[in-house]
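Work through the exercises below with the sequence and the coordinates open. Each task is followed by a solution in steps.

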Amino acid sequence: MTEIIRVLELYSGIGGMHCALQDSGIKYEVVAAIDVNTTANKIYRHNFKGTYLIENGIEKLTVTQIDRMKIDMILMSPPCQPFTRVGKKLDIDDLRTKSFLHLLDLLPQLTHCPSYILVENVKGFEESQTRDLLIKALQKCQFHLQEYMLTPLQFGIPNSRLRYYMIANRLPVNPNYSWSNTEQLCYSVPSVVQPNLRYKILCDTEKRCYHTDKGVNPDMISMLNSKKEETNSLSQNSDCENMSESKLDECTGCSKNKCEEEDWMFVSHNDGEGESSKTNEDQVLAKRLKTKHSCDTEEEKHSNEDDLKPLCCMCDNENRLMDESQLLRQDDETEVYHGKCLQLQHFLEKQSAEYFKKYKLPDKDLKRFIVMDVVFPCIRKTICFTKRYGHYMEGAGSIIQMSTEAEDVTRACQLKMEAVEKKNNKNWGEKEIDIVRKLQLRYFSPREIANLLCFPETFDFPEDVSTIQKNRVLGNSLNVHVVSVLIRLLTMK
Ligand SMILES: C[S@@+](CC[C@H](N)C(=O)[O-])C[C@H]1O[C@@H](n2cnc3c(N)ncnc32)[C@H](O)[C@@H]1O
């Protein structure tokens, strides 16, 4: 019988690590989770009712307490503020690092030292003194270790979230999966753990699209089962990337026709009438619009890729429209993976226009149009959603443009270009705001952010948690899929 791995989840937040354990397929028991944040703890309890959650500072943990738990694995994402690129980088001098340093102090003193450790943090941690102390403590305890810098984009997830990861193992390492001790940061994971993400997304999307009061549509289940066999055989050939998106679309109900008809209730259609009265530029934009409406079949993608860009204001393919400071804030790796990711639409909620009203950008936020990262359902990238999403516009997360009316988009693009050129939108009045208003911009819902972070469909929030609180804790959390791949790698025998 496979042993059950006893896990201690530190800085547990809303339980991203716990979800990754579920996703990894290993046998585990979370012996205890620890966090000080009451909102995050409320959400954790709501989702993991049976787990022992300690609402206390980690700096209060003792050797005896940890030894008594007889843990095999520690999963943790310590506070990242002391290491962020845009922060003060106070590192070991930041009070928020204190609890982590305390832990590093305890580790070599443990009688029952865990066999596995996984640490997640922001880019910047890799060059910190705290990281050096972590390595020293682990080496003292005879761990093999490997550090990674990974983004969900390289796993096909259309969300940028470049993060530092470290996995450490005290058991003898299988030489066939030699992941440890290369002493260099790795930017990819071995193909042996390349995940079958497309199948997972397919299942999750299926639940989102087809889950009715009576349960999941049985026809979809049988279709999914046949797709599962297909994707399994694809992944055995280490080639799951080859599952075409049209197949995925077929299963998720986002086939070309459906998309054109009514799938995206927020996509307003240009029927082509009256095009003769438009300028050349309008016609090109209208052509682009049609391409995007049809959700790009493979053929269309190739025939149009040079001149047809998504009809979206300031999206990644329209970089010239972007504020330079915003461009700098994007992860350097982003462009490398763009195009390999699933379209955003697979991660969006399928809800009525009425439902999305609460996420509509108020007029005061529309004034920040020139610094927004505006995306579109057929796009394959969003920027990282931070805990400031909904409070700050610049670099805090993407915004969805719900209208694709060519004229409206053209006008908004021109407005933005002018404002970027003049480096100012201070004198924007009602006329300008009205142009932006027509784009029908909305925030991502917390469920959609959770989808991009690969939280399972079953993950839920208590009713009394506000949208701002949800955004804050999600922004603090992690990409479940990336961590689950690393847990698999870490525990591979
Ligand atoms: C980067 S977040 C980790 C989020 C978590 N992995 C998740 O999935 O939500 C850091 C967490 O550490 C918690 N924290 C910060 N200082 C702490 C301390 N001294 N003791 C316990 N928890 C702490 C914060 O409340 C926050 O939830």
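**Exercise 1. Describe the sheet built from strands 10, 11 and 12.**

Step 1. The sheet is open, has three strands in the order 10-11-12, and its pairing is mixed. Strands (E, at least two residues) and helices (H or I, at least four) are DSSP runs numbered from the N terminus, and two strands pair if DSSP finds at least two bridges between them.

Step 2. Strand 10 (374-375) and strand 12 (441-443) are the edge strands; each has a single partner strand, so one side of each lacks a neighbour in the sheet.

Step 3. Strand 11 (residues 399-401) pairs with strand 12 in the antiparallel sense, over three bridges. Ile399 has Tyr443 in strand 12 as its bridge partner.

Before going on, note the source conventions. This is a predicted model: local features need pLDDT of at least 70, side-chain atom pairs count only at pLDDT 80 or more, and totals for chains, interfaces and linings use all residues. Residues are numbered from 1 along each chain as its sequence is written, and side-chain values use heavy atoms, with hydrogens and water left out.

**Exercise 2. Place strand 4 among its partners and state which way its side chains point.**

Step 1. Strand 4 covers residues 73-76; Met73 and Leu75 point one way, Ile74 and Met76 the other way, and all are buried. Buried means under 20% relative accessible area, exposed over 50%, and partly exposed in between (1.4 Å probe, protein chains only).

Step 2. In a regular strand the side chains alternate between the two faces of the sheet.

Step 3. Strand 1 (residues 5-10) runs parallel to strand 4 and is joined to it by four bridges; Leu8 stands opposite Ile74.

Step 4. Strand 5 (residues 116-122) also pairs with strand 4 in the parallel sense over four bridges. Here Met76 has Val119 as its bridge partner.

**Exercise 3. Characterise the surroundings of the ligand.**

Step 1. There are 19 residues around the ligand, and Ile14, Asp35, Glu59, Ser77 and Ser477 come nearest. A residue is near if one of its heavy atoms lies within 4 Å.

Step 2. By class, this shell has six nonpolar, 11 polar and two charged residues. Ala, Val, Leu, Ile, Met, Phe, Trp, Tyr, Cys and Pro count as nonpolar, Asp, Glu, Lys and Arg as charged, and the others, Gly among them, as polar.

Step 3. List polar contacts (N or O pairs within 3.5 Å). A backbone N or O atom of Ile14 is 2.9 Å from a ligand oxygen atom, and one of Ile58 is 2.9 Å from a ligand nitrogen atom. From Ser77, a polar side-chain atom lies 2.7 Å from a ligand nitrogen atom.

Step 4. On its own the ligand has 600 Å² of accessible area (Shrake-Rupley, 1.4 Å probe), and the protein covers 89% of that area.

**Exercise 4. Which residues of helix 19 are buried, and what covers them?**

Step 1. Helix 19 spans residues 467-476, and Lys470, Asn471, Val473, Leu474 and Gly475 are buried.

Step 2. Their cover includes helix 2 (38-47) and helix 18 (446-452), where contact means heavy atoms within 4.5 Å.

**Exercise 5. Is Asn169 buried or exposed, and which backbone oxygen does its side chain reach?**

Step 1. Asn169 belongs to strand 7 (residues 163-169).

Step 2. Its relative accessible area is 5%, so Asn169 is buried.

Step 3. The side chain of Asn169 reaches the backbone oxygen of Leu490 at 3.4 Å.

Key:
A polar contact is a pair of N or O atoms within 3.5 Å; within protein, one must be able to donate a hydrogen and the other to accept it, and residues adjacent in sequence count only if both atoms are side-chain atoms.
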